Amino acid sequence: MINTRQDHDYWDPARKGFITNYPNFPHWKRIEATQLEDTRPFNIYLHTPFCIQRCSYCYYKTINLRGTEKYERMDRYVNALCREIELASQRYGLKRRPVLSIYFGGGTPSLLYEEQIERVGRALYDNFDMSQNPEFTMEAEPVTITKSKADTMLSLKVNRMSMGVQSFDDEIIQASHRLDSEKKALKAIDLVLQTGVPLNIDLMSGLAGDTTEKWQHSVQRTIETGVESVTVYKTELYSNTEYYRGVRNQTLELPSDEDEMASMRYSLRELINADYVPWSFFSYTKRGGHQHVHSPSIFRGDDCAAFGVSAFGRYGDWLYQNTNDEEKYIQMAEAGELPAQRGYPLSSLDSMIRDVVLCMKLVRFDLRWFQQKHGFKLESICATTLQQLQADGFIEMEENEIRLTEKGMVYGDYAGKSLARALMAFYN
Ligand SMILES: C[S@@+](CC[C@H](N)C(=O)[O-])C[C@H]1O[C@@H](n2cnc3c(N)ncnc32)[C@H](O)[C@@H]1O
Ligand code: SF4
């Protein structure tokens, strides 16, 4: 085959030699027909949109539910969710593929009643191959989690819970319009820890009213709880939030970028000193144990079957999202239709860029994995950008790996985005 310009230059022009296939048959090997079935493990994301509060910073499309309508409304939704699970499993032959991880997020899954959580769990066990003991995470919120809900989750083999705490400062929590408090959050954490299930806590840096002292208090409280895993999100300003309206009307001031970055630097150092190992630039696990499966697998581009209103998923090169209209979602599921509403087919270049920008979040980027997957050496294509990032202290290069430095981690996606820009420039 013609591989390089140099090869071509040495060829005498000729018309003979019609190409029928590539690679040529001598490179093919013997297989069984069963090897053609898709049996790759895949991930599952489940979404419930309901919450008991509307937090002022939150950009998720959530439905604030309290009072008597709560049970019926959630029940109709849960029925639709179970129906969608059944439909998708049949349509896409998902039962042939083992489940690698399940993430039940929201909204607030812990707002569901025990019997509803159980029904979703049963739908999973009835419709998927759960034989490889998948990682099974459920999100919980301090005010809505109870012992009996936690026990129900455990009976379904939930093996990680993730709790939104955001801050251990009561003034910040109240100003965010959350219904919990430091005391309630600590009680909820204790409740989950008593069950023995590994717990993740979400903190948010850059919330309104945060100060150096308050942030230090939140980080130290987090460490004192001894939770297995900690996630530190930088507060992002989205146009559908009360925060955004407040900042635009100048009735709300958020900490400056410099202050927020100093907070990140503080939490990074303190968490590392307390034996928490970062597996991404915003998430840590105690002594590097209980490695997360779901997000890294999604970042690496593995399939994710997504269920629920507005849920995002991926099958092969197709990214898709379900309708974000609750009523439409329910009606489609009831009518036996899958509720996917929009999608995007990734090109080879999209895939490369996506892998770079998402996998650079994982602190260590495996260059040989990238080469095997895409057939190119990232270190050759992006040599100048890598040199610059290294010179500026954002990354360190090892033989087969790019590593984010502390500075690289504090700057979040900067290194990943720089490499993505270099790839785009190279190919366009
Ligand atoms: C869907 S919530 C699940 C937790 C649960 N609903 C709760 O609030 O306790 C997931 C996490 O997203 C994070 N989050 C929400 N809005 C955000 C924003 N504007 N910027 C960064 N992170 C945000 C919060 O840390 C939250 O805990
Ligand atoms: S942070 Fe959690 S509880 Fe608050 S609105 Fe968002 S999803 Fe709901």
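A polar contact is a pair of N or O atoms within 3.5 Å. In this predicted model, a backbone N or O atom of Gly-164 lies 3.4 Å from an oxygen atom of ligand 1, and the pair therefore falls inside that cut-off. Two further contacts to ligand 1 may be placed beside it. A polar side-chain atom of Arg-178 lies 2.9 Å from an oxygen atom of ligand 1, while a backbone N or O atom of Gly-107 lies 3.0 Å from a nitrogen atom of the ligand.

The protein covers 95% of the 570 Å² of accessible area that ligand 1 has on its own. Four strands each give two or more residues to the surrounding shell: β5 (135–140), β6 (160–166), β7 (199–205) and β8 (229–234). In total, 20 residues surround ligand 1. The closest of these are Tyr-57, Gly-106, Gln-166, Arg-178 and Asp-202. By class, the shell consists of eight nonpolar, six polar and six charged residues.

Attention may now turn to ligand 2. Its surroundings include three cysteines, Cys-51, Cys-55 and Cys-58, together with Gln-53, Tyr-57, Thr-62, Gly-107, Thr-108 and Arg-178. The shell around ligand 2 comprises four nonpolar, four polar and one charged residues. Tyr-57 and Arg-178 are listed around ligand 2 and are also among the residues closest to ligand 1. Gly-107 likewise belongs to the surroundings of ligand 2 and has the backbone contact to a nitrogen atom of ligand 1 described above.

The backbone at Gly-107 deserves separate mention. Most residues other than glycine have a negative phi, and most peptide bonds are trans. The bond that joins Gly-106 and Gly-107, however, is cis, with omega about 20°. Gly-107 is found in the loop between β4 and α3 (114–127). A cis peptide bond also leads from Tyr-22 to Pro-23, where omega is near -10°; Pro-23 lies in the loop between α1 (5–9) and β1.

Positive phi values occur at two residues that are not glycine. Lys-157 has a phi near 70° and is placed in the loop between α4 (147–155) and β6. With a relative accessibility of 53%, Lys-157 counts as exposed, because the threshold for that class is over 50%. Gln-250 has a positive phi of about 60° and occupies the loop between α8 (242–248) and α9 (257–273). Its relative accessible area is 72%, so Gln-250 is exposed.

Aromatic side chains supply a further set of contacts. A search of the whole structure finds 21 aromatic pairs. In one of them, the ring centres of Tyr-45 and Tyr-103 are 6.2 Å apart and the planes meet at 15°, so the pair is stacked; the cut-off for stacking is under 30 degrees. This pair links distant parts of the chain, since Tyr-45 belongs to strand β1 (residues 42–48) and Tyr-103 to strand β4 (residues 99–106), 58 residues apart. Both Tyr-45 and Tyr-103 are buried. Elsewhere, Phe-42, Phe-128 and Phe-307 form one aromatic cluster. A ring also takes part in a contact with a charge: the charged end of Lys-407 sits over the ring of Phe-394, 4.5 Å from its centre.

Note on methods
Residues numbered from 1 in each chain as written. Chains lettered and ligands numbered in written order. Predicted model: local features only at pLDDT ≥ 70, side-chain atom pairs only at ≥ 80, totals over all residues. Heavy atoms only, no water. Phe/Tyr/Trp six-rings, centres within 6.5 Å; stacked < 30°, edge-to-face > 60°. Buried < 20%, exposed > 50% of the residue type's maximum accessible area, 1.4 Å probe, protein only. Lys NZ or Arg CZ within 6 Å of the ring centre and 35° of its normal. Near = heavy atom within 4 Å. Polar contact = N/O pair within 3.5 Å; in protein donor to acceptor, adjacent residues only side chain to side chain. Areas by Shrake-Rupley, 256 points an atom, 1.4 Å probe, with all protein chains shown as cover. Nonpolar A, V, L, I, M, F, W, Y, C, P; charged D, E, K, R; others polar.
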